[in-house]
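Here's a chance to take a protein model apart piece by piece. Have a look at the sequence and the 3D view, then we'll walk through some of the details together.

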Amino acid sequence: MITQRELEYTIGLLGDRLVERGLTLSCAESCTGGLAASLLTDISGSSRWFVGGIVAYANQIKTNILGVAESILIEHGAVSSETVLAMAAGVRRTMQADVSFALSGVAGPTGGTPEKPVGTVWIAWDIGERHISDVYHLGGDRQEIKFQSAAHAITRLAELLE
């Protein structure tokens with residue numbers, strides 16, 4: 001479990017790595033509702049590397065703004081590798097950023113299914129030619145799942161840029 005203090009330190013490292021490489025970051029969020037963008041902008045100086053984010057809570061926003069194909073949502077659902085990979089590519093393109101990440105999951109306490117129980121979160125990172133996605137199975141209440149989802153997205157990006 002990632003703590004607030006650890007995340008703040010990691011965001012500082014992430015910002016330094018982005019600035020060193022002359023890169024900008026954007027994000028697309030569903031289950032976190034803008035929390036990741038808020039955490040990133042809590043750090044002074046983040047305007048040098050964070051260009052913005054899109055809260056794509058409704059599937060309509062995923063398709064109309066981020067360009068996620070309706071066929072992906074129908075075949076795989078909003079909480080899937082295919083969807084977050086498309087969201088990450090879409091927000092990177094829309095925001096004209098160099099790198100991006102996207103999250104979609106079931107924060108609960110309702111909405112879970114046997115295939116995708118509460119705490120299931122898919123995260124994707126779009127870094128140049130690298131397109132990566134991972135699934136997380138998180139515990140806790142809604143707020144904890146949202147925080148840990150955002151923390152994993154940010155922490156893994158910092159690792160990928162190491």
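What follows is a short tour of a helix pair, some backbone oddities, a few single residues and the aromatic rings.

Keep in mind as you read that this is a predicted model.

**Two helices side by side**

Let's begin with a pair of helices. Helix α1 covers residues 4-21, helix α6 covers residues 142-160, and the two pack at an angle of about 35°. Their axes are 9 Å apart. If you look at how α1 passes α6, you'll find a left-handed crossing. On the α1 side, the contact is made by Gln4, Leu7, Thr10, Ile11, Leu14 and Arg17. On the α6 side, the residues taking part are Phe147, Ala151, Ile154, Thr155, Leu157, Ala158 and Glu159. Sort the residues of this contact by type and you get eight nonpolar, three polar and two charged.

Helix α6 is also home to Gln148. Is Gln148 buried or exposed? Gln148 counts as buried, because its relative accessibility is 4% and the cut-off for buried is under 20%. Setting aside residues up to four places away in sequence, Gln148 touches Met1, Ile2 and Leu138.

**Backbone oddities**

Now for the backbone. Most residues other than glycine have a negative phi, and most peptide bonds are trans. Gln96 isn't a glycine, yet it has a positive phi of about 55°. You'll find Gln96 in the loop between α5 (81-95) and β3. The peptide bond from Gly108 to Pro109 is another one to look up: it is cis, with omega near 5°. Pro109 belongs to the loop between β3 (99-105) and β4 (120-127).

**Buried or exposed in the loops**

Here are four loop residues, with where they sit and how accessible they are.

| Residue | Loop between | Relative accessible area | State |
|---|---|---|---|
| Gln96 | α5 and β3 | 70% | exposed |
| Val79 | α4 and α5 | 10% | buried |
| Pro114 | β3 and β4 | 78% | exposed |
| Trp49 | α2 and β2 | 3% | buried |

What does Trp49 touch, leaving aside its neighbours within four places in sequence? Trp49 is in contact with Ile11, Gly15, Leu18, Val19, Leu23, Thr24, Leu25 and Leu40. One of these, Ile11, also takes part in the contact between α1 and α6. Trp49 and Leu161 are 112 residues apart in sequence, and in space they are 14 Å apart, C-alpha to C-alpha.

Val79 has its own set of contacts. Not counting residues up to four places away in sequence, Val79 touches Ser104, Gly105, Val106, Lys116, Thr120 and Trp122. The C-alpha atoms of Val79 and Glu8 are separated by 27 Å, and these two residues are 71 residues apart along the chain.

As for Pro114, try finding Ile127 from there. The two are 13 residues apart along the chain, while their C-alpha atoms are separated by 32 Å.

**Rings and a charge**

Last stop: the aromatic rings. A pair of aromatic rings is described by the distance of the centres and the angle of the planes. How many aromatic pairs does a search of the whole structure find? The search comes back with zero. Still, there is a ring with a charge over it: the charged end of Arg156 sits over the ring of Trp125. The distance from that charged end to the centre of the ring is 5.3 Å.

Note on methods:
Residues are numbered from 1 along each chain as its sequence is written. This is a predicted model: local features need pLDDT of at least 70, side-chain atom pairs count only at pLDDT 80 or more; totals for chains, interfaces and linings use all residues. Side-chain values use heavy atoms; hydrogens and water are left out. Rings of Phe, Tyr and Trp (its six-membered ring) pair if their centres lie within 6.5 Å; planes under 30 degrees apart count as stacked, over 60 as edge-to-face and the rest as tilted. A charge sits over a ring if NZ of Lys or CZ of Arg is within 6 Å of the ring centre and within 35 degrees of the ring normal. Axes are lines fitted to C-alpha atoms, for helices over the stretch in contact, and angles run from 0 to 180 degrees between N-to-C directions. Helices (H or I, at least four residues) and strands (E, at least two) are DSSP runs, numbered from the N terminus. A crossing is left-handed if the near helix is turned anticlockwise from the far one by less than a right angle, and right-handed if clockwise. Contact means heavy atoms within 4.5 Å. Ala, Val, Leu, Ile, Met, Phe, Trp, Tyr, Cys and Pro count as nonpolar, Asp, Glu, Lys and Arg as charged, and the others, Gly among them, as polar. Buried means under 20% relative accessible area, exposed over 50%, partly exposed in between (1.4 Å probe, protein chains only).
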